[in-house]
Each structure stands twice: as structure tokens, then as C-alpha cells.
Amino acid sequence: MTFTKAQDVINYLYSLPKLHEKADLSYIKKVLTFLDNPQDKVKTVHVTGTNGKGSTSYYLSSLLQKAGQKTGLFVSPYVFEFNERIQLNGRNISDADLVKTANIIESALTKIRKTNNNFSLVTFEYEVVMAFLYFARKKCDYAVIEVGIGGEHDKTNVITPEVSIITTVGLDHEQIIGPTLQDIAREKSGIIKKNRPVIIGNIPKEVLPIIQQKAQEESAPLKQLGRDFKISQNESLTLKTESQKLSFLPKPIVEGYDVGIAVEAFNMLGLPLSQNNIIDAINRTIVPGRYQVLQNNPLIVLDGAHNIQAVQNLLNYAHCEQKRRQGQVRILIMIMKDKDITQVFDLFQATDEVYLTTIDYPRAAMKKDFPQWIQEKYQYMSDWEAAYQNLKQKSQTNDILLVTGSFYLVGNILQMETKNAGSRY
């Protein structure tokens with residue numbers, strides 16, 4: 001097969017199977033070997049974590065670019081367009097490069113199928129191979145690679161990174177990498193490699209020994225948030241390391257942890273960059289769909305939080321802001337059917353105004369998918385665009401409006417707001 005248009009590549013990717021019969025890395029390794037192992041031709045940093053891995057990846061990518069490094073970034077999910085998943089120096093892969101890269105992979109697959117007729121990659125494997133091939137062909141100095149799910153069995157886990165990062169461990173994707181927190185911690189610790197440093201963020205006490213033991217087994221030097229570097233939030237966000245004290249623009253504290261982890265990882269790479277440039281790189285970084293502030297009065301925040309830990313963090317932030325502003329918290333939420341819907345709704349306070357919505361997507365929960373008590377307690381608005389505009393108009397200067405539950409909803413609203421902003425000029 002030969003592609004001529006980017007949309008054909010994207011459509012093809014989504015037509016591929018999602019899983020193999022066995023959850024190992026043999027399929028992706030076979031293709032990478034045929035392509036002369038592009039993943040080994042670029043220095044990498046590997047980032048996993050239940051929450052915070054996307055933000056940490058963006059912050060680290062900004063720091064590397066500021067230090068003059070040609071920097072690749074592989075992240076998921078995308079917020080605006082598919083090409084966002086594979087970036088070079090902060091720019092999305094072009095349609096032409098997407099097509100060219102996919103055609104090189106197709107050529108390798110054709111050769112493999114001569115001896116293995118039914119050989120196929122799953123969607124995420126294909127995307128990972130595209131990223132590694134693109135970064136190698138563009139001769140990147142570094143690539144920041146965000147894990148898809150888990151760690152040890154994730155399709156990105158075919159690299160020996162300069163630094164490994166585990167941002168957080170919480171309950172999400174339990175069916176795949178769980179069911180317990182211990183299972184998830186073990187899976188995530190699978191990205192720790194021999195003699196390569198690892199940086200960890202907020203890890204629950206009960207699973208911290210699992211990660212520490214893995215680091216010890218691999219002789220991997222370990223740096224830990226709260227022990228080796230600290231983040232605090234007052235008038236500004238402050239990072240204290242063994243040798244630095246840096247102050248950044250204020251951010252929600254969980255975003256602050258991601259900043260601290262990214263700066264510590266960057267420091268481990270030994271690249272020269274002044275403190276002012278580190279501060280500037282972080283302050284200028286916009287992480288799409290993660291604590292993204294659209295406006296301040298009322299405060300409108302978009303965040304793709306889609307698991308218990310992330311929603312709890314977002315609500316903590318909103319309720320702190322509520323105390324400061326003395327306003328009303330409103331929440332527009334859309335959830336996927338396969339998430340633990342009930343537990344998320346247990347997190348809301350009695351005074352929160354919560355509205356349910358959906359989008360045109362097969363996994364998106366509709367009214368009938370919510371438990372009866374949730375249907376009775378909260379208003380359901382099937383048109384997400386009308387629901388958002390309605391809540392925006394309803395919100396006073398000191399109120400807070402959160403849009404959350406899914407990156408798909410957040411992406412839709414960001415695209416709508418961008419379009420509206422464009423039409424005003």
C-alpha cells in the first residue's frame with residue numbers, strides 16, 4: 001500500500017486492530033529491526049505516570065529546545081489534530097512527512113509479509129514506529145517519549161533512555177495493567193533501565209518500595225520529589241534542588257510537581273542553560289488541555305482529567321480558587337463509558353453545580369449510561385457546545401467553570417474557542 005494523503009494514513013491507522021493476542025514487544029521490535037532500529041539513533045527521555053506525564057513531557061521538551069537541542073516529542077492523546085502526537089521543536093509533523101514516514105513503514109511491512117503473511121502492527125505500535133523513524137530521519141538530538149499505557153509492556157518500551165521518569169501512580173487502566181496499585185507500580189517501574197537515572201514524583205507510600213527496589217536492582221540512581229527536590233506554591237511556584245532555587249509563574253500545585261520533575265530531568269542531562277532561560281522556557285510552555293486557562297474572570301479551566309486521581313487534583317485546585325474568589329464552581333463533564341463513573345461523582349462537593357454532556361464518539365457515555373442516581377441528581381445536556389456556552393454566560397466574574405472528564409471534550413471546546421477567536425479579528 002502507498003499513501004498519498006495524510007488523512008488516508010490516519011484513517012488506516014484507526015482501522016488497524018487495537019491489541020495483539022499476546023501483549024509483548026516482539027511485533028514492534030521486528031519492524032524496528034527492519035528499519036535499522038531508528039529508536040537507537042536518538043537520545044531519549046522516557047516518561048510514564050498515571051497523571052502528569054503529558055505536562056512533564058511538554059515542559060522537558062521546552063527546556064531542551066531552549067538549550068538549543070533539536071527536540072522530538074511523542075505524546076498522546078492529541079487535542080487539536082493527529083499530527084500533534086509527533087512534534088519536532090514544538091511543531092507538529094507535517095502532512096508530507098506523515099505520508100513519507102508511513103510509506104517507509106509500509107515498505108518494511110511488505111518485506112516482512114513475504115515470510116509472515118498475516119503480520120500486522122496495532123494502531124499504537126504503528127504510531128510509535130512512525131515517531132522513532134521520523135525523529136531519526138530528522139537527526140534529533142533528543143526525543144521525549146510519553147508512554148501510552150503502563151510501562152514495561154508499553155510499545156514505547158524499546159528504548160534505553162538517558163533518564164526515566166515516573167510522575168505518579170494511581171488507579172487507571174486497571175483492566176490492562178492492574179487490578180491493584182501494586183500491579184500498576186510494577187508495570188510502570190518497567191521503564192527503569194540499567195545504570196540510567198530515574199526521577200519519581202508523587203508516589204503513594206504503599207508502592208514506593210516497589211519502584212525503589214526496581215531502581216536498586218538496575219543500579220539506577222533515583223531522585224525523588226519531596227526528598228531530592230521540592231516544590232512549593234505561594235506568590236509564585238518555587239523549585240528547590242540541591243544547587244538551585246527557581247521561581248516560576250504560579251500554577252496549580254500538581255502542574256508544579258511536573259515542572260519540578262522536568263527541570264530535575266533536564267539537569268541530569270548536563271546541558272548548559274542559565275537559570276533565567278530555564279524559568280523563561282517553563283513560563284512560556286502551554287500544555288494543551290491540561291489545566292489550560294481560557295480566561296480569568298470568570299476563571300475557565302480546561303483539563304482532560306479522566307481518572308480518580310486527576311479529577312480529585314483538579315477539584316482541589318478549583319475549591320482553593322473558590323475560597324480565594326468567593327465564587328461558584330460549575331463543572332461540565334463528559335466521561336467514557338469504560339471509566340469508573342460512580343467513583344468520579346463521589347468527589348464533587350454538595351455546592352458544586354455539575355452538568356453532564358456527551359460528544360459524538362462511540363465510547364462517550366450518554367444519559368442512559370449513567371447510574372440512575374446520577375441521572376436524577378445532575379442535569380444532562382446532550383449538546384456539548386450549547387451546554388458550554390450556557391454555563392459560560394451564567395458564570396459571574398468571580399466564578400469558576402471547569403471542563404473535564406475527557407481530552408475529546410476539551411479538544412472540541414478548544415477548537416471551537418480558537419475558531420471563535422479567529423472570527424473576531
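These are my notebook entries on pockets, single residues and salt bridges in a predicted model.

**Entry: second largest pocket**

I looked up the second largest pocket and noted a volume of about 900 Å³. Its lining is made of 29 residues. I wrote down the ones that lie nearest its centre: Pro250, Lys251, Pro252, Val293 and Tyr317.

I then asked which helices and strands each supply at least two residues of this lining. They are helix H9 (253-269), helix H10 (275-284), strand S12 (292-295) and helix H11 (308-325). H11 gives the largest share, 7 residues. Sorted by class, the lining of the second largest pocket holds 14 nonpolar, 8 polar and 7 charged residues.

**Entry: cavity**

I checked how many cavities of 30 Å³ or more the structure holds, and the count is 1. The space in the largest cavity comes to about 30 Å³. I listed its lining as Ala305, His306, Asn307, Val311, Ile333, Ile335, Lys339, Val344 and Gly405. By class, I have 5 nonpolar, 3 polar and 1 charged for this lining.

**Entry: glutamine 224**

I found glutamine 224 in strand S8, which covers residues 222-224. Is this glutamine 224 buried or exposed? Its relative accessibility is 14%, so I entered glutamine 224 as buried; the cut-off for buried is under 20%. Leaving out residues up to four places away in sequence, glutamine 224 touches Ile200, Leu208, Gln212 and Phe229.

**Entry: valine 329**

I located valine 329 in strand S14 (residues 329-333). Valine 329 counts as buried because its relative accessibility is 0%.

I also looked up aspartate 399, which is 70 residues from valine 329 along the chain. The C-alpha atoms of these two residues are separated by 6.1 Å. With residues up to four places away in sequence not counted, the contacts of valine 329 are Ala318, His319, Gln322, Thr351, Asp352, Glu353 and Ile400.

**Entry: salt bridges**

I noted the total for the structure, 21 salt bridges. As a reminder to myself, side chains of opposite charge can pair when their charged atoms come close. I went through three of the pairs in turn.

The side chains of glutamate 127 and arginine 85 meet in a salt bridge, at 2.8 Å from N to O. This pair links distant parts of the chain, 42 residues apart. Glutamate 127 belongs to helix H5 (residues 123-137), while arginine 85 sits in the loop between strand S2 (71-74) and strand S3 (86-88). I recorded both glutamate 127 and arginine 85 as buried.

Lysine 214 and glutamate 218 form a salt bridge through their side chains, with 3.3 Å from N to O. Glutamate 218 has a relative accessible area of 16%, so I put glutamate 218 down as buried.

For lysine 368 and aspartate 369, I have a side-chain salt bridge at 3.7 Å, N to O. I asked how the two partners are classed by accessibility. Lysine 368 counts as exposed because its relative accessibility is 63%. Aspartate 369, at 24% relative accessibility, is entered as partly exposed.

Which residues are joined into one network by salt bridges that share partners? I wrote down Arg330, Glu353, Lys394 and Asp399. Two of these names were already in the valine 329 entry: Glu353 as a contact of valine 329, and aspartate 399 for the C-alpha separation of 6.1 Å.

Note on methods. Residues numbered from 1 in each chain as written. Predicted model: local features only at pLDDT ≥ 70, side-chain atom pairs only at ≥ 80, totals over all residues. Heavy atoms only, no water. 1 Å grid on protein atoms, 1.4 Å probe; cavity = no way out; pocket = protein on both sides within 12 Å on 5 of 7 lines; lining within 4 Å. Points joined across faces, edges and corners; volume = space filled by probe spheres on them. Helix = DSSP H or I, 4+ residues; strand = E, 2+ residues; numbered from the N terminus. Nonpolar A, V, L, I, M, F, W, Y, C, P; charged D, E, K, R; others polar. Buried < 20%, exposed > 50% of the residue type's maximum accessible area, 1.4 Å probe, protein only. Contact = heavy atoms within 4.5 Å. Salt bridge = Lys/Arg side-chain N within 4 Å of Asp/Glu carboxyl O.
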